[in-house]
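Here's a walk through one protein model, written for someone who likes to see the cut-offs next to the claims. Have a look at the structure first.

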Amino acid sequence: MVRNNANMKKKLSAKTVSSNQKKTGKPSSGNRFTPLEMPRSEPRDNLKNSYSFSHGVNASCESLLRGFRKEWATGGLSRRVIRKFQKIILQHYERQARVFPWRQTRDPYQIFVSEIMLQQTPVDRVIEKYEKFIFVFPDIFSLARAPLEKVLKAWLGLGYNRRAIALKKSAEIITKKFKGKLPESEKELLTLPGVGKYTAAAISVFAFNRPVVLLETNVRTVFIHFFFQDKAEVKDREIIPFIQTTLDTTNPRRWYNALMDYGVMLKKTLPNPGRKSAHYTRQSRFEGSDRQIRGAILRELAAGKAKSVSEIVQLVGSEPDRTKKILLELQEEGFVTRDKQKIMIA
(Lines give C-alpha, C1' and ligand atoms only; values in the text may rest on other atoms or scores of the structure.)
Protein backbone atom coordinates (compact mmCIF):
# COMPACT_ATOMS: atom_id res chain seq x y z
CA MET A 1 0.00 0.00 0.00
CA VAL A 2 2.91 2.34 -0.53
CA ARG A 3 1.71 5.45 -2.31
CA ASN A 4 3.84 8.34 -3.40
CA ASN A 5 2.49 11.89 -3.18
CA ALA A 6 2.23 12.45 -6.93
CA ASN A 7 0.27 9.24 -7.44
CA MET A 8 -2.16 10.06 -4.62
CA LYS A 9 -2.77 13.59 -5.89
CA LYS A 10 -3.47 12.29 -9.38
CA LYS A 11 -6.01 9.74 -8.16
CA LEU A 12 -7.64 12.15 -5.75
CA SER A 13 -8.16 14.78 -8.43
CA ALA A 14 -9.52 12.25 -10.89
CA LYS A 15 -11.86 10.40 -8.56
CA THR A 16 -13.49 12.69 -6.01
CA VAL A 17 -17.03 12.01 -5.02
CA SER A 18 -19.60 12.98 -2.41
CA SER A 19 -21.21 10.15 -0.52
CA ASN A 20 -24.92 9.54 -0.65
CA GLN A 21 -25.33 7.54 2.52
CA LYS A 22 -28.73 6.03 3.27
CA LYS A 23 -30.58 7.10 6.38
CA THR A 24 -30.26 3.92 8.37
CA GLY A 25 -30.36 5.18 11.94
CA LYS A 26 -33.31 4.94 14.30
CA PRO A 27 -33.83 6.94 17.46
CA SER A 28 -33.40 4.83 20.57
CA SER A 29 -35.65 5.02 23.60
CA GLY A 30 -34.46 7.61 26.08
CA ASN A 31 -32.18 9.43 23.61
CA ARG A 32 -32.59 12.61 21.62
CA PHE A 33 -30.39 11.68 18.67
CA THR A 34 -31.81 12.54 15.28
CA PRO A 35 -32.53 9.55 13.00
CA LEU A 36 -29.48 10.43 10.90
CA GLU A 37 -27.09 10.28 13.84
CA MET A 38 -28.29 7.71 16.34
CA PRO A 39 -26.63 4.33 15.78
CA ARG A 40 -29.13 1.62 14.97
CA SER A 41 -30.18 -0.40 18.03
CA GLU A 42 -29.94 -4.09 17.31
CA PRO A 43 -31.01 -7.07 19.44
CA ARG A 44 -28.09 -9.10 20.72
CA ASP A 45 -29.23 -12.05 18.61
CA ASN A 46 -28.40 -10.00 15.52
CA LEU A 47 -24.83 -9.61 16.74
CA LYS A 48 -24.07 -13.26 17.50
CA ASN A 49 -22.47 -13.82 14.09
CA SER A 50 -20.21 -10.76 14.33
CA TYR A 51 -16.55 -11.16 15.14
CA SER A 52 -13.47 -9.01 15.55
CA PHE A 53 -11.07 -7.90 12.87
CA SER A 54 -7.41 -8.19 13.72
CA HIS A 55 -7.38 -4.48 14.64
CA GLY A 56 -10.32 -4.78 17.01
CA VAL A 57 -13.35 -3.78 14.94
CA ASN A 58 -16.57 -5.74 15.38
CA ALA A 59 -18.39 -6.15 12.07
CA SER A 60 -20.60 -8.67 10.35
CA CYS A 61 -18.34 -9.26 7.34
CA GLU A 62 -14.54 -9.38 7.41
CA SER A 63 -14.43 -9.37 3.60
CA LEU A 64 -15.41 -5.68 3.66
CA LEU A 65 -12.07 -4.71 5.16
CA ARG A 66 -10.12 -7.13 2.96
CA GLY A 67 -11.91 -5.77 -0.09
CA PHE A 68 -11.15 -2.20 0.91
CA ARG A 69 -7.43 -2.88 1.37
CA LYS A 70 -7.12 -4.73 -1.92
CA GLU A 71 -8.98 -2.12 -3.96
CA TRP A 72 -7.20 0.81 -2.32
CA ALA A 73 -3.80 -0.81 -2.99
CA THR A 74 -4.57 -1.35 -6.66
CA GLY A 75 -7.02 1.33 -7.72
CA GLY A 76 -6.68 4.27 -5.36
CA LEU A 77 -9.58 6.26 -3.99
CA SER A 78 -12.36 4.99 -6.24
CA ARG A 79 -16.09 5.29 -5.55
CA ARG A 80 -16.15 1.67 -4.35
CA VAL A 81 -13.23 2.27 -1.99
CA ILE A 82 -14.91 5.37 -0.54
CA ARG A 83 -18.17 3.46 0.00
CA LYS A 84 -16.35 0.59 1.71
CA PHE A 85 -14.37 2.96 3.90
CA GLN A 86 -17.56 4.74 4.98
CA LYS A 87 -19.31 1.45 5.64
CA ILE A 88 -16.48 0.17 7.86
CA ILE A 89 -16.53 3.39 9.92
CA LEU A 90 -20.32 3.53 10.21
CA GLN A 91 -20.70 -0.17 11.07
CA HIS A 92 -18.41 0.34 14.03
CA TYR A 93 -20.36 3.44 15.07
CA GLU A 94 -23.71 1.66 14.87
CA ARG A 95 -22.49 -1.02 17.25
CA GLN A 96 -20.06 0.78 19.54
CA ALA A 97 -20.89 4.48 19.52
CA ARG A 98 -19.88 6.40 22.60
CA VAL A 99 -22.77 8.24 24.26
CA PHE A 100 -22.12 11.74 25.57
CA PRO A 101 -24.60 14.39 26.76
CA TRP A 102 -23.50 16.86 24.07
CA ARG A 103 -24.31 14.25 21.42
CA GLN A 104 -27.86 14.10 22.73
CA THR A 105 -28.75 17.71 22.10
CA ARG A 106 -29.02 20.04 19.11
CA ASP A 107 -28.80 23.20 21.23
CA PRO A 108 -25.92 25.20 19.65
CA TYR A 109 -25.11 26.84 23.00
CA GLN A 110 -24.68 23.52 24.80
CA ILE A 111 -22.54 22.14 21.98
CA PHE A 112 -20.48 25.34 22.04
CA VAL A 113 -19.83 24.88 25.78
CA SER A 114 -18.82 21.24 25.25
CA GLU A 115 -16.35 22.11 22.51
CA ILE A 116 -14.63 24.73 24.66
CA MET A 117 -14.45 22.25 27.55
CA LEU A 118 -13.06 19.49 25.35
CA GLN A 119 -10.07 21.59 24.31
CA GLN A 120 -7.03 19.73 25.70
CA THR A 121 -9.16 17.97 28.32
CA PRO A 122 -10.02 14.24 28.52
CA VAL A 123 -13.65 13.37 27.85
CA ASP A 124 -14.15 11.65 31.22
CA ARG A 125 -13.25 14.83 33.07
CA VAL A 126 -15.55 16.92 30.89
CA ILE A 127 -18.76 14.90 31.28
CA GLU A 128 -19.47 15.63 34.95
CA LYS A 129 -18.40 19.28 34.72
CA TYR A 130 -20.39 19.83 31.53
CA GLU A 131 -23.68 18.67 33.01
CA LYS A 132 -23.23 20.76 36.15
CA PHE A 133 -22.18 23.80 34.12
CA ILE A 134 -25.26 23.55 31.88
CA PHE A 135 -27.45 23.20 34.97
CA VAL A 136 -26.01 26.43 36.44
CA PHE A 137 -25.90 28.28 33.10
CA PRO A 138 -28.69 26.77 30.96
CA ASP A 139 -28.44 29.33 28.15
CA ILE A 140 -26.17 31.96 26.66
CA PHE A 141 -27.90 34.80 28.51
CA SER A 142 -27.41 33.30 31.98
CA LEU A 143 -23.72 32.78 31.24
CA ALA A 144 -23.27 36.32 29.89
CA ARG A 145 -24.92 37.84 33.00
CA ALA A 146 -23.05 35.71 35.55
CA PRO A 147 -20.17 37.12 37.61
CA LEU A 148 -16.79 35.76 36.57
CA GLU A 149 -16.31 34.31 40.05
CA LYS A 150 -19.38 32.11 39.62
CA VAL A 151 -18.22 30.97 36.18
CA LEU A 152 -14.76 30.08 37.47
CA LYS A 153 -16.23 28.13 40.38
CA ALA A 154 -18.30 26.07 37.95
CA TRP A 155 -15.24 25.56 35.75
CA LEU A 156 -12.66 24.56 38.37
CA GLY A 157 -11.34 21.06 37.87
CA LEU A 158 -11.17 21.24 34.09
CA GLY A 159 -7.83 23.03 33.93
CA TYR A 160 -6.71 25.63 31.38
CA ASN A 161 -8.88 28.13 33.23
CA ARG A 162 -8.35 30.84 30.62
CA ARG A 163 -11.06 29.03 28.69
CA ALA A 164 -13.63 29.98 31.34
CA ILE A 165 -12.89 33.69 30.85
CA ALA A 166 -12.97 33.25 27.07
CA LEU A 167 -16.28 31.39 27.28
CA LYS A 168 -17.89 34.14 29.38
CA LYS A 169 -16.56 36.87 27.06
CA SER A 170 -17.90 34.93 24.07
CA ALA A 171 -21.31 34.72 25.73
CA GLU A 172 -21.30 38.49 26.23
CA ILE A 173 -20.37 39.06 22.57
CA ILE A 174 -23.02 36.62 21.32
CA THR A 175 -25.78 38.27 23.34
CA LYS A 176 -24.83 41.77 22.18
CA LYS A 177 -23.54 41.33 18.63
CA PHE A 178 -25.54 38.26 17.55
CA LYS A 179 -28.67 38.80 19.70
CA GLY A 180 -28.08 35.62 21.67
CA LYS A 181 -27.80 33.36 18.64
CA LEU A 182 -24.55 31.46 18.13
CA PRO A 183 -23.18 32.29 14.66
CA GLU A 184 -23.09 29.42 12.16
CA SER A 185 -20.22 30.38 9.88
CA GLU A 186 -16.64 29.49 10.71
CA LYS A 187 -15.58 33.05 9.85
CA GLU A 188 -17.87 34.57 12.49
CA LEU A 189 -17.12 31.86 15.05
CA LEU A 190 -13.41 32.64 14.74
CA THR A 191 -14.09 36.17 16.03
CA LEU A 192 -15.08 34.76 19.43
CA PRO A 193 -12.46 34.55 22.22
CA GLY A 194 -11.05 31.06 22.71
CA VAL A 195 -12.35 29.79 19.36
CA GLY A 196 -9.62 28.58 17.01
CA LYS A 197 -9.75 26.88 13.64
CA TYR A 198 -10.61 23.42 14.97
CA THR A 199 -13.25 24.61 17.46
CA ALA A 200 -14.95 26.76 14.80
CA ALA A 201 -15.12 23.78 12.45
CA ALA A 202 -16.36 21.48 15.24
CA ILE A 203 -19.18 23.87 16.16
CA SER A 204 -20.14 24.20 12.49
CA VAL A 205 -20.35 20.41 12.23
CA PHE A 206 -21.91 19.38 15.52
CA ALA A 207 -24.19 22.37 16.18
CA PHE A 208 -25.26 23.08 12.60
CA ASN A 209 -24.45 19.88 10.66
CA ARG A 210 -22.33 21.74 8.10
CA PRO A 211 -20.07 19.70 5.77
CA VAL A 212 -16.73 21.35 6.58
CA VAL A 213 -13.26 19.86 7.01
CA LEU A 214 -12.74 18.78 10.61
CA LEU A 215 -9.31 17.49 11.58
CA GLU A 216 -8.35 16.50 15.11
CA THR A 217 -6.27 13.74 16.68
CA ASN A 218 -8.80 10.89 16.34
CA VAL A 219 -9.79 11.79 12.78
CA ARG A 220 -6.11 12.08 11.89
CA THR A 221 -5.50 8.62 13.38
CA VAL A 222 -8.20 7.02 11.21
CA PHE A 223 -6.91 8.44 7.92
CA ILE A 224 -3.30 7.59 8.68
CA HIS A 225 -4.33 4.02 9.57
CA PHE A 226 -6.32 3.48 6.37
CA PHE A 227 -4.43 5.52 3.78
CA PHE A 228 -0.87 6.11 5.04
CA GLN A 229 0.12 2.82 6.64
CA ASP A 230 3.55 2.76 4.99
CA LYS A 231 4.40 6.43 5.45
CA ALA A 232 5.96 8.36 8.32
CA GLU A 233 5.75 12.06 9.16
CA VAL A 234 2.33 12.44 7.51
CA LYS A 235 1.38 16.10 7.19
CA ASP A 236 -2.14 17.40 7.67
CA ARG A 237 -2.16 18.90 4.17
CA GLU A 238 -1.79 15.33 2.85
CA ILE A 239 -4.74 14.11 4.93
CA ILE A 240 -7.19 16.95 4.18
CA PRO A 241 -7.94 15.87 0.57
CA PHE A 242 -8.95 12.44 1.89
CA ILE A 243 -11.23 14.04 4.48
CA GLN A 244 -12.87 16.17 1.79
CA THR A 245 -13.31 13.31 -0.65
CA THR A 246 -14.74 10.78 1.81
CA LEU A 247 -16.97 13.22 3.72
CA ASP A 248 -20.59 12.14 4.12
CA THR A 249 -22.20 15.45 3.18
CA THR A 250 -25.71 14.16 3.94
CA ASN A 251 -24.93 14.03 7.66
CA PRO A 252 -21.47 15.32 8.56
CA ARG A 253 -22.38 15.40 12.26
CA ARG A 254 -22.90 11.65 12.38
CA TRP A 255 -19.92 10.98 10.11
CA TYR A 256 -17.42 12.89 12.24
CA ASN A 257 -18.75 11.32 15.44
CA ALA A 258 -18.21 7.93 13.80
CA LEU A 259 -14.67 8.84 12.70
CA MET A 260 -13.74 10.03 16.18
CA ASP A 261 -15.07 6.87 17.81
CA TYR A 262 -13.18 4.72 15.32
CA GLY A 263 -10.00 6.68 16.04
CA VAL A 264 -10.41 6.12 19.79
CA MET A 265 -10.84 2.38 19.17
CA LEU A 266 -7.66 2.28 17.04
CA LYS A 267 -5.64 3.93 19.78
CA LYS A 268 -6.82 1.32 22.27
CA THR A 269 -6.14 -1.70 20.07
CA LEU A 270 -3.03 -0.69 18.08
CA PRO A 271 0.19 1.22 18.62
CA ASN A 272 -1.28 4.69 18.05
CA PRO A 273 -1.22 5.33 14.26
CA GLY A 274 -1.44 9.04 15.04
CA ARG A 275 2.19 8.97 16.11
CA LYS A 276 3.10 8.81 12.43
CA SER A 277 1.70 12.32 12.04
CA ALA A 278 4.22 15.09 11.53
CA HIS A 279 2.13 17.07 14.03
CA TYR A 280 2.09 14.48 16.83
CA THR A 281 3.02 15.86 20.24
CA ARG A 282 2.65 14.57 23.77
CA GLN A 283 0.80 16.72 26.27
CA SER A 284 3.12 18.25 28.83
CA ARG A 285 3.26 16.73 32.32
CA PHE A 286 0.59 18.13 34.69
CA GLU A 287 2.06 17.04 38.03
CA GLY A 288 4.23 19.83 39.41
CA SER A 289 3.48 22.13 36.48
CA ASP A 290 2.46 25.80 36.57
CA ARG A 291 -0.99 24.64 35.42
CA GLN A 292 -1.34 22.57 38.58
CA ILE A 293 -0.35 25.50 40.80
CA ARG A 294 -2.71 27.87 38.96
CA GLY A 295 -5.57 25.45 39.51
CA ALA A 296 -4.70 25.04 43.19
CA ILE A 297 -4.66 28.83 43.73
CA LEU A 298 -8.04 29.30 42.08
CA ARG A 299 -9.56 26.42 44.03
CA GLU A 300 -8.43 27.95 47.31
CA LEU A 301 -9.80 31.37 46.38
CA ALA A 302 -13.08 29.93 45.13
CA ALA A 303 -13.53 27.91 48.32
CA GLY A 304 -13.59 30.83 50.74
CA LYS A 305 -12.84 34.45 51.48
CA ALA A 306 -10.05 36.58 50.08
CA LYS A 307 -6.61 35.53 51.27
CA SER A 308 -3.23 37.15 51.66
CA VAL A 309 -0.29 36.18 49.47
CA SER A 310 1.39 34.41 52.39
CA GLU A 311 -1.78 32.40 53.10
CA ILE A 312 -2.01 31.33 49.49
CA VAL A 313 1.65 30.30 49.41
CA GLN A 314 1.16 28.20 52.54
CA LEU A 315 -2.04 26.55 51.27
CA VAL A 316 -0.63 25.75 47.82
CA GLY A 317 2.57 24.36 49.30
CA SER A 318 4.83 25.20 46.36
CA GLU A 319 7.95 27.37 46.13
CA PRO A 320 7.01 30.87 47.38
CA ASP A 321 8.67 32.79 44.53
CA ARG A 322 7.08 30.57 41.91
CA THR A 323 3.62 30.88 43.51
CA LYS A 324 3.95 34.69 43.71
CA LYS A 325 4.95 34.84 40.05
CA ILE A 326 1.90 32.75 39.07
CA LEU A 327 -0.33 34.95 41.24
CA LEU A 328 0.91 37.99 39.33
CA GLU A 329 0.19 36.27 36.03
CA LEU A 330 -3.34 35.41 37.19
CA GLN A 331 -3.88 39.05 38.12
CA GLU A 332 -2.61 40.28 34.74
CA GLU A 333 -4.87 37.79 32.94
CA GLY A 334 -7.95 38.94 34.84
CA PHE A 335 -8.50 35.82 36.98
CA VAL A 336 -7.78 37.47 40.34
CA THR A 337 -7.74 40.96 41.75
CA ARG A 338 -5.88 42.52 44.67
CA ASP A 339 -7.47 44.70 47.34
CA LYS A 340 -4.65 46.05 49.49
CA GLN A 341 -3.07 42.87 50.89
CA LYS A 342 -5.90 40.51 49.97
CA ILE A 343 -6.23 38.39 46.83
CA MET A 344 -9.67 37.38 45.50
CA ILE A 345 -11.24 36.04 42.32
CA ALA A 346 -11.92 38.92 39.95
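What follows goes from the overall picture to aromatic pairs, two buried residues and a small sheet.

This is a predicted model, where local features need pLDDT of at least 70, side-chain atom pairs count only at pLDDT 80 or more, and totals for chains, interfaces and linings use all residues. Residues are numbered from 1 along each chain as its sequence is written, and side-chain values use heavy atoms, with hydrogens and water left out.

**Overall picture**

The protein has 16 helices and five strands. Both are DSSP runs numbered from the N terminus: helices are H or I with at least four residues, strands are E with at least two. Of the 346 residues, 48% are buried, where buried means under 20% relative accessible area, exposed means over 50%, and partly exposed is in between (1.4 Å probe, protein chains only). The accessible surface comes to about 17,600 Å², and carbon and sulfur atoms own 51% of that; these areas come from the Shrake-Rupley method with a 1.4 Å probe, and for residues only the protein chains shown count as cover. As for contacts (heavy atoms within 4.5 Å), take those between residues at least 6 apart in sequence: 67% of them join residues at least 24 apart.

**Aromatic pairs**

A search of the whole structure turns up 18 aromatic pairs. The rings of Phe, Tyr and Trp (its six-membered ring) pair if their centres lie within 6.5 Å; planes under 30 degrees apart count as stacked, over 60 as edge-to-face and the rest as tilted. One of the pairs is Phe85 with Phe223, which is tilted, at 5.4 Å centre to centre and 55° between the planes. Phe85 sits in helix α3 (residues 79–96) and Phe223 in helix α11 (residues 217–227), so this pair ties together parts that are 138 residues apart in sequence. Both Phe85 and Phe223 are buried.

Another pair is Phe133 with Trp155, this one edge-to-face: 6.3 Å centre to centre, with 85° between the planes. Phe133 belongs to helix α5 (residues 123–136) and Trp155 to helix α7 (residues 148–155), so the parts tied together here are 22 residues apart in sequence. Phe133 and Trp155 are both buried as well.

Ring pairs also link up into a cluster, whose members include Phe68, Trp72, Phe85, Phe223 and Tyr262.

**Two buried residues**

Tyr109 is in helix α4 (residues 108–117) and, at 6% relative accessibility, counts as buried. What does Tyr109 touch, leaving out residues up to four places away in sequence? Its contacts are Phe133, Ile134, Phe137, Pro138, Asp139, Ile140 and Leu143. There is also a long-range neighbour to look at: Leu182 is 73 residues away along the chain, and its C-alpha atom is separated from that of Tyr109 by 6.7 Å.

Arg254 is in helix α13 (residues 252–269). Is Arg254 buried or exposed? With 4% relative accessibility, Arg254 counts as buried. Its side chain makes a polar contact with the side chain of Glu94 at 3.3 Å. A polar contact here is a pair of N or O atoms within 3.5 Å; within protein, one must be able to donate a hydrogen and the other to accept it, and residues adjacent in sequence count only if both atoms are side-chain atoms.

The host helix α13 is mostly covered, with 15 of its 18 residues buried. From first C-alpha to last, α13 reaches 26 Å, close to the 26 Å expected at 1.5 Å a residue (the expected span is 1.5 Å times one less than the number of residues).

**The three-stranded sheet**

Three strands make an open sheet in the order β3-β5-β4, with antiparallel pairing. Strands pair if DSSP finds at least two bridges between them. The edge strands, each pairing on one side only, are β3 (307–308) and β4 (336–339). Strand β5 (residues 342–345) pairs with β3 over two bridges and with β4 over four bridges. β4 and β5 form a hairpin with two residues between them, and Lys340 in the turn has a positive phi of about 60°.

Here are residues that stand opposite each other:

| Residue | Opposite residue in β5 |
|---|---|
| Lys307 | Ile343 |
| Ser308 | Lys342 |
| Val336 | Ile345 |
| Asp339 | Lys342 |
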